[in-house]
Amino acid sequence: MLKSPSLTTSVSSFNNGRGGSCSVYWRRRRKAPVLLQVSAVSYQKFIDFAVNETKRHAVLAPSPLQEKYNTLVAMDGKTELQMSSFQAPKIRLLRSMSIQNEVMQVLDFAVFPKPEFDVPIFCANFFTAASTNIVVLDLNPLHDVIHHRDYKDKYYKSLMPLGLKYTKISCSFYPGEEDLQAWLKLMDQAVEETDVSQIMCNCEAQHRYLTWRAEKDPGHGVLKKLIGETLAADLLGNFLFNGIKELGSKKFLDYFPEYCCEDGTVNEKRSIIGKSFEHRPWDSRGEFVGDNLKVN
């Protein structure tokens, strides 16, 4: 049932692979004052690094979304949401959203390639609260890497070393920068697709990923509490996972019919098939070996 292996460290439950992701998950705990101080600086540092590093590889220009999605104050009058977005010849959307208040720091960063280029989707999510620091790094190949070995080798050969590196992570390490640099190298190497049918396949693959994230993103609950259901839905569908309306017309249940309840509504669970593993469920070559491990 798993679409692809994920590169994950310090994680107890294995992602069901809806986006075909190659991901790294990192959690660490420290005392609250240290975490909040570090995150405020580091999160902005990562955004600055990402934008400046991308400019070394492409001509970035402000996205049309920037005019509407820039700064938003939550209903509590204290929490501020800061958003920025760019585009480039091979990049459909590079965007970031940071949230900061007295009890938490959040950063949601992603880069979506244009459908003419077969490049993985890059995502970096950072969350800091009073006693927890969580980092999730995702590189999502557009197509199936389980059944198409050549496609898997195309991306995993260069990405697996990063995942293995993070299994030996230290408290002083701040992840994300090397992952983005690896993604930018993939973008540099990408050749524009001219086959219309393949471009359509790329559109659907990216649309499938966006549809999943807009429906099941774990940050939805936080956004609803901060800005209300209407604004949260708008932010998810039109900014964070922009492209749902433009890249395809299928709905969530068209892609994932197993989530359909008897009354026709979507099952609210994030995963109805996922497994939980005590150890990393893939080997050093990226081969999924979870079925041979102890299942919790």
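User: In this predicted model, does Glu-53 count as buried or exposed?
Analyst: The model is predicted, and the label depends on relative accessible area, with buried meaning under 20%. Glu-53 has a relative accessibility of 10%. Because that value is under the cut-off of 20%, Glu-53 counts as buried.

User: With which residue does Glu-53 form a salt bridge?
Analyst: The closest N and O atoms of the pair are 2.8 Å apart, and a salt bridge needs them within 4 Å. Glu-53 is buried, whereas its partner is exposed, with a relative accessible area of 62%. That partner is Arg-56.

User: How many residues apart in sequence are the parts that Arg-95 and Asp-108 tie together?
Analyst: The side chains of Arg-95 and Asp-108 meet in a salt bridge, at 2.6 Å from N to O. Arg-95 lies in strand S5 (residues 91–100) and Asp-108 lies in strand S6 (residues 105–113), so the pair ties together parts of the chain whose separation in sequence is 13 residues.

User: Over the face of which residue does Arg-95 lie?
Analyst: Arg-95 counts as buried, at 0% relative accessibility. Besides its salt bridge with Asp-108, Arg-95 lies over the face of a ring, at 5.5 Å from the ring centre. The ring belongs to Phe-241.

User: Are Lys-224 and Glu-229 buried, partly exposed or exposed?
Analyst: These two side chains meet in a salt bridge of 3.8 Å, N to O. Lys-224 has a relative accessible area of 38%, and Glu-229 has a relative accessibility of 42%. Because partly exposed covers the range between 20% and 50%, Lys-224 is partly exposed and Glu-229 counts as partly exposed.

User: How many salt bridges does the structure hold?
Analyst: Among them are the pair Glu-53 and Arg-56 and the pair Lys-224 and Glu-229. The number for the structure is 6.

User: Why is the pair of Phe-109 and Phe-122 edge-to-face?
Analyst: A search of the whole structure finds 11 aromatic pairs. In one of them, the ring centres of Phe-109 and Phe-122 are 6.1 Å apart and the planes stand at 75 degrees. Planes over 60 degrees apart count as edge-to-face, so the angle that decides the label is 75 degrees.

User: Which strands hold Phe-109 and Phe-122?
Analyst: Phe-109 is buried at 0% relative accessibility, and Phe-122 is buried with a relative accessible area of 0%. Both belong to one aromatic cluster with Tyr-43, Phe-46 and Phe-126. Phe-109 lies in strand S6, and Phe-122 lies in strand S7.

How values were computed. Residues are numbered from 1 along each chain as its sequence is written. This is a predicted model: local features need pLDDT of at least 70, side-chain atom pairs count only at pLDDT 80 or more; totals for chains, interfaces and linings use all residues. Side-chain values use heavy atoms; hydrogens and water are left out. Buried means under 20% relative accessible area, exposed over 50%, partly exposed in between (1.4 Å probe, protein chains only). Helices (H or I, at least four residues) and strands (E, at least two) are DSSP runs, numbered from the N terminus. Rings of Phe, Tyr and Trp (its six-membered ring) pair if their centres lie within 6.5 Å; planes under 30 degrees apart count as stacked, over 60 as edge-to-face and the rest as tilted. A charge sits over a ring if NZ of Lys or CZ of Arg is within 6 Å of the ring centre and within 35 degrees of the ring normal.
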